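These are my notebook entries on a structure that I looked through one region at a time. I wrote down what I looked up and what I found.

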Amino acid sequence: MIYTGFEFFTKDEVERSILISLLDDYHFEGYEETEESLKAFVPTEKIKKLNVAEILMIDDLGHIRFSSSQIEDKNWNEEWEKNFEPIMIAGRVGIRAPFHEPLNAELELVIEPKMSFGTGHHATTAGVIELMLQEDFKGRSVLDFGSGTGVLAILAEKMGAAKVLAIDHEEWAFNNCVENVERNECTHIQSFRGSDILVPEEKFDIILANINRNVILDMIKKWNSILPHKGILIVSGFLRNDELDIKQAAENLGLSERSVIRKEDWSAITFSRS
């Protein structure tokens with residue numbers, strides 16, 4: 001796949017976080033931070049109708065200078081591997097790639113990220129994992145909406161979930177999830193490629209959505225409708241500045257806040273259905 005790289009010249013960490021959250025909605029798939037800028041990569045075929053200058057104006061980022069260039073076709077898996085180090089979260093969850101040595105962890109996940117989001121290194125993934133560790137997954141049914149690498153779905157099964165449905169609309173993320181599910185010898189996870197139209201009407205005891213602000217606000221009513229009494233919704237992928245909007249939408253549906261974790265400029269929240 002051919003990619004186009006954009007370089008946004010800002011040293012401000014808040015602006016960089018807002019940029020990542022914003023660009024996620026426009027098919028950008030990878031990011032790299034330097035001392036001077038944020039680099040973002042998007043499949044060239046996805047940007048034919050994109051006006052990046054107008055996109056920046058959405059969150060008052062129009063003052064940020066940027067440049068773009070065609071990226072040479074390269075082995076992106078190899079590029080990911082160069083920058084993927086093992087990580088331990090909350091002293092309990094170890095995440096490593098297949099080429100790393102085993103970790104001494106209570107819960108070890110073997111994840112080959114490729115271009116999918118979700119290795120535990122990003123603050124939102126780590127936040128969701130910490131919130132998951134506060135809940136009882138034994139015998140529960142779980143929906144992982146926007147599954148990426150499948151890291152959350154795999155952790156859910158390792159924590160005792162009886163059934164996990166993992167959904168992502170990107171083909172490469174779906175394929176990556178399937179590979180990682182097999183790699184971790186999980187047997188209770190079903191992976192699907194699609195979006196809200198594939199969310200079944202059946203109830204799920206726990207719903208995980210590490211995605212972005214707009215999708216959460218669009219989908220929260222649907223998720224609430226398939227949560228049973230005392231069901232759990234864990235969401236992340238949004239900035240601290242968006243917390244109030246997320247909480248208000250949840251409260252309007254009768255969802256109660258249980259826990260919040262904030263890391264860097266990002267938030268993760270657990271809600272329960274009364």
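**Entry 1: two loop residues**

Is Asp60 buried or exposed? I looked this up in the model, which is a predicted one, and I found that Asp60 is exposed, with a relative accessible area of 65%. I located Asp60 in the loop between helix H2 (52–57) and strand E4 (65–71). I then checked its backbone and noted that the phi of Asp60 is near 55°, which is a positive value in a residue other than glycine. I wrote beside this that most residues other than glycine have a negative phi.

I found a positive phi at His27 as well, of about 75°, and His27 is not a glycine either. His27 has its place in the loop between helix H1 (13–23) and strand E2 (30–33). With a relative accessible area of 31%, His27 is partly exposed, since the partly exposed class lies between the 20% and 50% limits.

**Entry 2: strand E1 and Glu7**

I looked up Glu7 and found it in strand E1 (residues 3–9), where it counts as partly exposed at 22% relative accessibility. Setting aside neighbours within four places in sequence, I listed its contacts as Ser37, Leu38, Lys39, Arg65, Phe66 and Ser67. I also took the distance from Glu7 to Leu255, which are 248 residues apart in sequence, and the C-alpha atoms came out 40 Å apart in space.

**Entry 3: helix H4 and Leu131**

How many of the 10 residues of helix H4 are buried? I found nine in this helix (residues 123–132), so H4 is largely enclosed by the rest of the structure. The buried residues of H4 are Ala123, Thr124, Thr125, Ala126, Gly127, Val128, Ile129, Leu131 and Met132.

I picked Leu131 for a closer look, and at 0% relative accessibility it counts as buried. Leaving aside neighbours within four places in sequence, Leu131 is in contact with Ile234, Ser259, Ile261, Ala268, Ile269 and Thr270. The C-alpha atoms of Leu131 and Glu179 are separated by 25 Å, while the two residues are 48 apart along the chain.

**Entry 4: the nonpolar cores**

I looked next for groups of nonpolar side chains, bearing in mind that in soluble globular proteins nonpolar side chains tend to be buried together. The largest nonpolar core has 37 residues, and of these Val93, Ile95, Met132 and Phe137 touch the most other members. Helix H5 (residues 151–158) gives the largest share of this core, namely six residues. Apart from it I found another core, of 23 residues, which includes Val199, Met219, Val235 and Phe271.

**Entry 5: helix H8 and its buried side**

Which residues of helix H8 (residues 243–252) are buried? I listed Glu243, Ile246, Lys247, Ala249 and Ala250. They cover an arc of only 160° around the axis, which puts them on the same side of H8. On the face turned away from that buried side I found the exposed residues Leu244 and Asn252. The buried residues of H8 pack against helix H7 (213–225) and against the strands E12 (232–239), E13 (255–263) and E14 (266–273).

Glu243 made me look again, and it is indeed buried, with a relative accessible area of 6%. Not counting residues up to four places away in sequence, Glu243 touches Phe238, Val260, Arg262, Ser267 and Ile269. Between the C-alpha atoms of Glu243 and Ser267, which lie 24 residues apart along the chain, I noted 7.1 Å. Just after H8, Gly254 takes a positive phi of about 85°.

**Entry 6: H7 beside H8**

I compared the axes of H7 and H8, which come within 10 Å and cross at roughly 5°. That makes H7 roughly parallel to H8, because angles under 35 degrees count as roughly parallel. In this pair, Arg213, Ile216, Leu217 and Ile220 of H7 meet Asp245, Ile246, Ala249 and Ala250 of H8. Sorted by class, the contact has six nonpolar, no polar and two charged residues.

**Entry 7: the loop after H7**

My last lookup was Pro228, whose place is in the loop between H7 and E12. Pro228 touches Lys203, Phe204, Asp205 and Arg273, not counting residues up to four places away in sequence. Its C-alpha atom and that of Ile206 are separated by 9.0 Å, with their positions 22 residues apart along the chain.

Key. Residues numbered from 1 in each chain as written. Predicted model: local features only at pLDDT ≥ 70, side-chain atom pairs only at ≥ 80, totals over all residues. Heavy atoms only, no water. Buried < 20%, exposed > 50% of the residue type's maximum accessible area, 1.4 Å probe, protein only. Helix = DSSP H or I, 4+ residues; strand = E, 2+ residues; numbered from the N terminus. Arc of directions from axis to C-beta. Contact = heavy atoms within 4.5 Å. Core = buried A, V, L, I, M, F, W, Y, C linked by side-chain atoms within 4.5 Å. Axes fitted to C-alpha atoms, helices over the stretch in contact; angles between N-to-C directions. Parallel < 35°, antiparallel > 145°, perpendicular 65-115°, else oblique. Nonpolar A, V, L, I, M, F, W, Y, C, P; charged D, E, K, R; others polar.
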